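The following questions and answers are intended for a reader who is new to protein structure. Please keep the sequence and the model in view while working through them.

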Amino acid sequence: MEEDKEESSKKKLRQDIPPATRASLFTDDLILEILSRLPARSVRRFKCVSMPWRDLIADPVNRKKLPQTLDGFLYTTYRSLGGVWSHHFATVSGGAARVDPSLNFLQPKYKYIAYVDTCNGLLLCACSNKENPAAYGEQVCYVVCNPATERWIELPPQPQAQANRFHCASRLAFDPKVSSHFHVLEFGQNYRNVGSCVTGVDIFSSQTGAWIRRDSELVEQITVLDDFRCVLLGGMLHLVGKLNPVKIYSKRALLVVDMEGKEWKTIHLPDGSSSHDAVGLSQGCLHYASTTKPYVNSNSEKNVVPATTKITLWCLENYDTNEWVLKRSASIDEPSSMPGLKWKVFAIHPDCDTVFLDGGDVLAAYDMQHQKFVRILNLEKGNYQVYLPYVPLFSEVLADADEQ
């Protein structure tokens, strides 16, 4: 009986303590240990618990231990007058850029810097000490950097470099949860031949510091599409491609290869996939999103009827069976302030069922679950329309990197 009374008193005492006070009973180290095991989306919410928690999570030292989420997109614009390339950063919140998109820390050595790919906080660039290497017939080199810490490393040249590096499909693979090492994969295919397909891949490992060559073991013919993102999942890289590229209406599929180039396969994408689609790793599963090309009905130039864009979101719930499940479908009407825009999906949020849309000069997001359209910002004119998602990485990787 006395034990029941004691337990009841303890329970009442716990109930009487305000949430903020109860939270203060934890040490900072214990709080960080708990938060490091949660998704990035949950960590952001816990910043609202109290001001001490907010400061604890925002501390630059502590951010190295906490998971991060999508911060924004890196993209490039080109001005034909003068042939000037400019780099930009679009935050998903529409605020100021949290990283320097011009990568000034590379400019003392390189005059030409082109974005190639991103993966979990690292950025793959093609660089040269010539402002226009193509005009001089110069080969570019690969540089992998971390924009958050400004550490970078130049990759050694390949033993047998591709004849035209500017048209190779190159991808970056890096998973900080598994290893501090990264891989760069360059797929060999001749873009000048319409009927070409992937013949093999050159793979660089930061662990060995060397390139290896692997021939393709695919049964199906596939061409990698250079302007599409890839997904790293379970140590396998997934790239969007076209099957039987000689056909006019060829089906889209994912080319899948491991980091040693020994395991190859293809995963067919859902029927009805179009050129306006994207793949992404969201909530731990492989996702695929597609938009139908909108049709604008206009009887005259002054009478434009806003078009409807249909978005479908698929999930590969069972990776072993390679069967896609339709997760969400929605139709959105263009806002009256932006008539005539042709929306296409280019990315999927890693933490929720939100897709990102490119309207040509406008970047927007659509929450598929709550059916909410959000205009993020107006893009710089003449954008290159390849958006690389950026997730900050504050941990110390690229241990042997340069710092200039």
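Q: Over how many bridges do strand β20 and β21 pair?
A: The model examined here is a predicted one. In it, strand β20 covers residues 308–318, and L313 stands opposite R328 in β21. The two strands run in the antiparallel sense, and the number of bridges over which they pair is nine.

Q: In which order do the four strands of the open sheet lie?
A: The pairing within this open sheet is antiparallel. Its order is β16-β17-β20-β21.

Q: Which strands are the edge strands of this sheet?
A: The open sheet has the strand order β16-β17-β20-β21. An edge strand here pairs on one side only, and this holds for the strand at 277–282 and the strand at 323–333. The edge strands are therefore β16 and β21.

Q: By how many degrees are neighbouring strands of the sheet β16-β17-β20-β21 turned against each other on average?
A: The sheet is an open one made of four strands. With direction ignored, the average turn between its neighbouring strands is 20 degrees.

Q: How many helices and how many strands are there in the protein chain?
A: The protein chain has 404 residues, of which 45% count as buried. Its accessible surface comes to about 21600 Å², and 49% of that belongs to carbon and sulfur atoms. As for its elements, the chain contains seven helices and 26 strands.

Q: What share of the contacts with a separation of 6 or more comes from residues 24 or more positions apart?
A: The contacts considered are those in the protein chain with a separation of 6 or more. Residues 24 or more positions apart account for a share of 50%.

Q: How many residues of strand β14 are buried?
A: In a regular strand, the side chains alternate between the two faces of the sheet. On one side of β14, R252, L254, V256 and D258 are buried, and on the other side A253, L255 and V257 are buried as well. Both faces are thus covered, and the count for residues 252–258 is seven of seven.

Q: Which residue of β14 is the bridge partner of V240?
A: Strand β13, residues 236–243, is joined to β14 by seven bridges, and the two run antiparallel. β14 also pairs with strand β15, residues 264–268, over five bridges in the antiparallel sense. The residue of β14 that stands opposite I267 in β15 is also the bridge partner of V240, namely L254.

Q: Which residue takes a positive phi in the hairpin of β12 and β13?
A: Strand β12, residues 230–233, is joined to β13 by four bridges, and the two run antiparallel. One bridge partner in β13 is H238, which goes with V231. The hairpin has two residues between the strands, and the residue with a positive phi, near 60 degrees, is G234.

Q: Which residue takes a positive phi in the hairpin of β14 and β15?
A: This hairpin has five residues between the strands. The phi in question is near 70 degrees, and the residue that takes it is G261.

Q: Why does the pair of F182 and F204 count as tilted?
A: The ring centres of F182 and F204 lie 6.1 Å apart, and a pair requires centres within 6.5 Å. Planes under 30 degrees apart would count as stacked and planes over 60 as edge-to-face. The pair is tilted because the planes of F182 and F204 stand at 40 degrees.

Q: Are F182 and F204 buried or exposed?
A: A residue counts as buried under 20% relative accessible area. F182 has a relative accessibility of 2%, and F204 has one of 4%. Both values fall under the cut-off, so F182 and F204 are buried.

Q: How many residues apart are F346 and Y387?
A: F346 and Y387 form a tilted aromatic pair, with 4.5 Å from centre to centre and 40 degrees between the planes. F346 lies in strand β22, whereas Y387 lies in the loop between β25 and β26. The pair links distant parts of the chain, and the separation is 41 residues.

Q: Which residues form one aromatic cluster with F346 and Y387?
A: F346 is buried, with a relative accessible area of 13%, and Y387 is buried, with 4%. The cluster that holds F346 and Y387 also includes F73, Y75 and F356.

Conventions: Residues are numbered from 1 along each chain as its sequence is written. This is a predicted model: local features need pLDDT of at least 70, side-chain atom pairs count only at pLDDT 80 or more; totals for chains, interfaces and linings use all residues. Side-chain values use heavy atoms; hydrogens and water are left out. Buried means under 20% relative accessible area, exposed over 50%, partly exposed in between (1.4 Å probe, protein chains only). Axes are lines fitted to C-alpha atoms, for helices over the stretch in contact, and angles run from 0 to 180 degrees between N-to-C directions. Contact means heavy atoms within 4.5 Å. Accessible areas come from the Shrake-Rupley method with a 1.4 Å probe; for residues, only the protein chains shown count as cover. Rings of Phe, Tyr and Trp (its six-membered ring) pair if their centres lie within 6.5 Å; planes under 30 degrees apart count as stacked, over 60 as edge-to-face and the rest as tilted.
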